Each structure stands twice: as C-alpha cells, then as structure tokens.
Amino acid sequence: MKVISLKTKNEWKNKRQIGGTDLCAIVNGKGRWNNIVEIYERLVEDKQPKETNSIKTKKGTLAENHIRQLFLLQHEELDAIYNYKDIILCVSDLSDYITLSPDTLVSNKFT
C-alpha cells in the first residue's frame, strides 16, 4: 500500500478513486452518500460531486472527533498514530483505483 500525503481537500478530491464509501453504491447501485452514476461521472467524466450541506453531514463531521476519543478510551491498548486533521490517501498495491482515506490510524501501545 502506498500512502500519499496531501495538502488540501481539493487535492484529495482530485486524487481519490474508489473508496469504501463508494463500494456500497457500486455493489447496490446506490449508497448512503452517492449512487453508481455519480461515481461513474466522477471517475470517467471528471465531474466533481456537488457539496452537501445537510444537517446529517454537519452533525456527523462534528461527532467524528468525539467518537474517535470514545473509541480510544474504550481501547486503552491502542494509541492514535495519525492525526485526523492531516489529509492522507492510501492507495492499494493491486490498483490505483482502490483508495482509502482514514480519519485515524491506531497502533498497539504494547508491541
């Protein structure tokens, strides 16, 4: 797996390909955040999706850090080794089209 460090969210949007959120839409035709046509348009036609300003999206974004902290409190053996404010993109060795954008990476404190 290759790890790419990115400077801006726009740079991330331009480099990402098929991520975990997209897989549901690819398999089922429609996912929580997008559908298969929108993924096709982004990948093949280079059409960027419209920004969402939904209350659910805003609440989810605000909750992410709190959920992360609760997870780490419940798993004292783990330590966050990647700051969620950084922008990284992990690219699969199998295909450049398979990507992952983690919010946080963790490591076992005791190994």
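Visitor: How many bridges pair S1 with strand S3?
Guide: Happy to start there! This is a predicted model, and in it Val3 has Cys90 of S3 as its bridge partner. Ser5 is likewise matched, with Ile88 in S3. S1 and strand S3 (residues 87-91) pair in the antiparallel sense, and the number of bridges is five.

Visitor: Which strands are the edge strands of the open sheet?
Guide: Let's follow the order of the sheet, which has three strands with antiparallel pairing: S1-S3-S4. Two bridges join S3 to S4, and there Val91 stands opposite Thr99 in S4. An edge strand pairs on one side only, and that description fits strand S1 (2-6) and strand S4 (99-100).

Visitor: Is S3 largely enclosed or open to the outside, and why?
Guide: A good way to decide is to look at how many of its residues are buried, where buried means under 20% relative accessible area. In S3, four of the five residues are buried. The rest of the structure therefore surrounds this strand, and S3 is largely enclosed.

Visitor: Why do the buried residues of H3 line one face of the helix?
Guide: First, let's name them: in helix H3 (residues 36-43) they are Ile39, Glu41 and Arg42. Looking down the axis of H3, you would find these buried residues on one face, because they fall within an arc of 160 degrees.

Visitor: Which helix do the buried residues of H3 pack against?
Guide: Picture the residues in question, Ile39, Glu41 and Arg42. Their packing partner is helix H2 (20-28).

Visitor: Is Tyr40 buried, partly exposed or exposed?
Guide: Tyr40 also sits in helix H3. Its relative accessibility is 47%, and the range between 20% and 50% is called partly exposed. So Tyr40 counts as partly exposed.

Visitor: What span should helix H4 have at 1.5 Å a residue?
Guide: Helix H4 covers residues 55-74, which makes 20 residues. The expected span is 1.5 Å times one less than the number of residues. The end C-alpha atoms of H4 lie 28 Å apart, which agrees with the expected 28 Å.

Visitor: Where is the kink in H4 centred?
Guide: The helix bends along its course, by about 35 degrees. The residue at the centre of this kink is Ala63.

Visitor: Which strands are included in what covers the buried residues of H4?
Guide: The buried residues here are Thr57, Arg68 and Leu72. Their cover includes strand S2 (78-80) and strand S5 (106-108).

Terms used. Residues are numbered from 1 along each chain as its sequence is written. This is a predicted model: local features need pLDDT of at least 70, side-chain atom pairs count only at pLDDT 80 or more; totals for chains, interfaces and linings use all residues. Side-chain values use heavy atoms; hydrogens and water are left out. Buried means under 20% relative accessible area, exposed over 50%, partly exposed in between (1.4 Å probe, protein chains only). The arc is that of the directions from the helix axis to the C-beta atoms. Contact means heavy atoms within 4.5 Å. The bend at a residue is the angle between axes fitted to the seven residues ending there and the seven starting there. Two strands pair if DSSP finds at least two bridges between them.
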